[in-house]
Amino acid sequence: MVDIFISGDNDNSELSKIESITIDPGSTEEYFEKPNISISGNIDSYDHGFVYGWAMNQDEPKSSVAVNVMLGSVCIGCGEANIFREDLLLAGLGDGKHAFKIKVKPIPADGLPYKIYLMDDTSGKRIECNALEIKNSDSASISIHNIEFGHLSGEVVGLATSEDHAPLILSFDNGRVTENCGAVRGQDGKYRFNIKIPSELMDGMPHIIVVTIPGHPGVEASYVDVLPAILTSWEHLVSSAKELTYGAISRTAAFRYDSLKRNVEQLTKSGTDVKSITNLMTAHQAVVEGYESRKKYPKISLPNNQEPDVSIVIPVHNKFSLTYHCLASLVLAQNVASYEVIVVDDVSTDETIDIAKYIENIHLITNKTNLGFLRNCNKAVKEAHGKYVVMLNNDTEVTSGWLDELISTFDRISMVGIAGSKLIYPDGKLQEAGGIVWGNGHPWNLGNGGNPQNPEWNYVRQVDYLSGAAIMIPRVIWNEVGGFSEEFAPAYYEDTDIAFKVRAAGYKTVYVPQSVVIHFEGMSNGRDESKGIKKNQAINAPKFRAKWVDDYINNGQPCWENVWRNKDRNVTCRVLMIDYATPMPDHDAGSYAAVQEMRMLQANGCKITFVPENMAHMGKYTDALQRAGVECLYYPFYDSIQNILEKRGREFDLVYITRYDVADRYIDHIRRHASAKVMFNNADLHFLRELRMALSKGDRDLSGPLATRDKELALMRNVDAILTYNSTEQAVIMSHNLNNENMYICPWVLNTRGHQIPFKERTGIAFLGGYRHTPNIEAVEFFVTDIMPLLRKKIPDVIFHIYGSHMPESFKKFEVDDVILEGFVESLDDVFETCRVFVAPLRSGAGIKGKVLEAMACGIPTVLTSIAAEGTGLSHGINAYLAERPSEWVEGIAKLYEDEALWNEFSKNALRLAENNFSFEHGQSAMRTALNGVGIYPPNNCKAIVTG
């Protein structure tokens, strides 16, 4: 028996465990159910961190298999078996597209033998094939190969030593040094290494890495690369390409490239305009060349908007090269929002006085006497026309979407009074991610000098203040609070003061990391606090402290140990939320539910830290959570859920974990590393679903469902609260565990939008589901095989539309003129604004059915089984028809399909039920009850971030 350490952390002298379990390397059967006999496969080899092999579903030879590589109960890699290999084709294995190459987490480099297995991701069962035994396969070398999956690999050839390990030294950017790493000798005598890059360097920026060997000064190798912050395979991110800057390459050039690309796309859509293209290219060239030593100023044109969304105020005093650079970046940065630019010239003596010669469509205010930053801003806002005003330093460079992201924050979150951008230095390092004012009145700009891609700085959150270098405030709120306070003239602490004024007026101060602004800090006013305008920083500090002491006195003492307690304002409870993957609400009902549960927790004052079990950043889906104020943790910044619990477990008051199999893997780690209460959302009762499935097939062997029952119920006895989606499952659990004191109904929230298309303009019947879920496959098979033949006789020419993702190959045999495989849909309107009747012929499964609730929210009459109706509140003959036998199905569908009056009655009744039982307010109250049950009592006047 050995302890398995799946990964090491080279940042310090101790290994940081990704997963630590005690296991006999030769036996892993206890961690799997019976093998999935329909899937065959093999592990061919393990080489340089990759596992090679093949897997094929014998029942569906043209489909690919989602494969997990398992070391004991730990998944160390996952991927699709969809690569073509000629030898597989020749061996008669389908079309030959069943091979895989999967990157896995490092195997312990301790010389002990370990066996790895394959698991079918869909069923969660072991794929029946021989295990592969590997020994000490993690390797490294001084001829650097590449950086892949956050690890640097290479070889040391010809090292004159007989030792099995060779120490190495890595230095990064000629600065930071990592020494506790080394190369391992292979059977061929070569020394190889595969060393994890420190996560703070995985920031999407270029870095220089030098590898040397102690005692061998003439042996070194260097490597320059852009180290990505997101390591998810591109196939999973391709849907995000149009929205995000993942294609950009390095430093601030990435933002410039992205801006140029977006503008070219926009110009292409609107038609060729030579003047616009020339203007864009001039601005791009100006930004790329930079402001340093600029002597020439080619003319550029700002937009001419008479009724702009935003008024951008830029106070200036000399340093025209900076101002020109800033204005060029405004032209280059692509935003949907319209804007005007108000430049306030504070008695400049350089080219600023002739700014109109170089910049078209600028609103210029020229002072006769020097007013200073604060009074210039107050003066400019009086002449602003935009709904929002932005204070922008002239020593900045803005990026695409910076305005849109700020505006969307006001649209999505209630009572936002002021929003601020993420500020980065020209070298790509983080300058500020919002600020704290500590209990002694000293302000800190958070994250300074760190990695701007670090997850803890990349979610929308409330803060104490925002740097005035780039802040947005609605003009009505600016006027309401009186703008910048004159007592802080000419400058400094006015931005901190207005954040406190806005909050005192009942609004939120919100940091928006998706809005990125590059700040050449100190270029406008210098950095010497003993002279010039900068000296006002020391003068105004005591004024601010005296004015707002009652508001910051309880903010703790300034130290990094206390940052996590204070960087999120208006938080009463910290929740670690764990699920198997990042929610994709447009793909499945479970994802939709997860997002709504986050919103309900937030509405009760909870700060959510979400972690998916696969540790993957999922592009636009992760971004959506971050925009909603959810902190998302992912690789390479964190290695595993256990790693998170070890490092940050003490932060959390509650661990909210979804799905039995996920909870089962981590409950012991949670209890070991956190004192938090554990709230378990079972999603559906697994053993009940398995039991129903077995009975529907006539299986007599129920040992599998009964084994799941024993494990699932045992887990429930080890948590503090149990959430289920319906009372049926609660009753089943209570009948076994004989306790209902810690059980709660998990609320489901619906957007009861009704429908637009009337009865007569609708045709067909529809079903919607995700087909990695077996009950949905069974439902389609039952409906097409048993019901459609009878329905064709009753309603000739009626068409059955089958919607949803991941349809199996077996469905193709059902496709005829009146059975159409529609597949995945981007919008639910494609389903619910077209069909006349929605059907849910589920014969197994558990939990609540999101598809049925969505039909209710649209007021679409439904025919469904009693299993599908569980937890919905639907009643037979009032707002739905419940059917089990095929004849009942045909009768119910025919009545609703042919009787317009009955259809409208059922529609109104279903919509009324959805409005009464599934509102957000109802859900928030139900979630509060569950929180109270574990000793968490949210305030009545909660001011947390909740997106609409």
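**Exercise 1: two crossing helices**

Explain why helices H15 and H17 count as oblique to each other.

*Solution.* First, some ground rules: this is a predicted model in which local features need pLDDT of at least 70 and side-chain atom pairs 80 or more, while totals for chains, interfaces and linings use all residues. Residues are numbered from 1 along each chain as its sequence is written, and side-chain values use heavy atoms, leaving out hydrogens and water.

- Step 1: locate the pair. H15 covers residues 660–673 and H17 covers 703–716 (helices are DSSP runs of H or I, at least four residues, and strands of E, at least two, numbered from the N terminus).
- Step 2: take the angle. Their axes come within 10 Å and cross at roughly 60° (axes are lines fitted to C-alpha atoms over the stretch in contact, with angles from 0 to 180 degrees between N-to-C directions).
- Step 3: classify. Under 35 degrees is roughly parallel, over 145 roughly antiparallel, 65 to 115 roughly perpendicular, and the rest oblique. H15 and H17 are therefore oblique.
- Step 4: find the touching residues. Tyr-660, Ala-663, Asp-664 and Ile-667 of H15 meet Thr-708, Lys-711, Glu-712 and Leu-715 of H17 (contact means heavy atoms within 4.5 Å).

**Exercise 2: another helix pair**

Now work out how H19 is placed against H23.

*Solution.*

- Step 1: look at the axes. Those of H19 and H23 (residues 886–898) come within 9 Å and cross at roughly 55°.
- Step 2: apply the classes from before. That angle makes this pair oblique as well: H19 is oblique to H23.
- Step 3: pick out the contact. On the H19 side you'll find Phe-782, Phe-783, Ile-787 and Leu-790, among others. H23 brings residues including Trp-889, Val-890, Ile-893 and Ala-894.

**Exercise 3: inside or outside?**

Is Glu-778 buried or exposed, and what does Glu-778 touch?

*Solution.*

- Step 1: place the residue. Glu-778 sits in H19, which runs over residues 774–794.
- Step 2: check the accessibility. Glu-778 has a relative accessible area of 13%, so Glu-778 is buried (buried is under 20%, exposed over 50%, partly exposed in between, with a 1.4 Å probe and protein chains only).
- Step 3: list the neighbours. Leaving aside residues up to four places away in sequence, Glu-778 touches Met-693, Ser-696, Lys-697 and Ser-844.
- Step 4: try Asn-393 too. At 16% relative accessibility, Asn-393 also counts as buried, and its home is the loop between strands S24 (388–392) and S25 (396–398). Ile-314, Phe-373 and His-519 are among the residues Asn-393 touches.
- Step 5: zoom out. In the protein chain, buried residues make up 58% of the 948 residues. In helix H14 (residues 641–648), six of the eight residues are buried.

**Exercise 4: backbone oddities**

Find where the backbone has cis peptide bonds and positive phi values.

*Solution.*

- Step 1: recall the usual pattern. Most residues other than glycine have a negative phi, and most peptide bonds are trans.
- Step 2: spot the cis bonds. One runs from Ala-489 to Pro-490, with omega near 5°; another joins Tyr-635 and Pro-636, with omega about 15°.
- Step 3: place the prolines. Pro-490 is in the loop between H8 (475–481) and H9 (494–504), while Pro-636 lies between strand S35 (631–632) and H14.
- Step 4: turn to phi. Tyr-492 has phi near 90°, and Tyr-492 belongs to the H8–H9 loop. Asn-361 has phi near 65°, in the loop between strands S22 (359–360) and S23 (363–366).
- Step 5: compare their surroundings. Tyr-492 is buried at 17%, whereas Asn-361, at 36%, counts as partly exposed.
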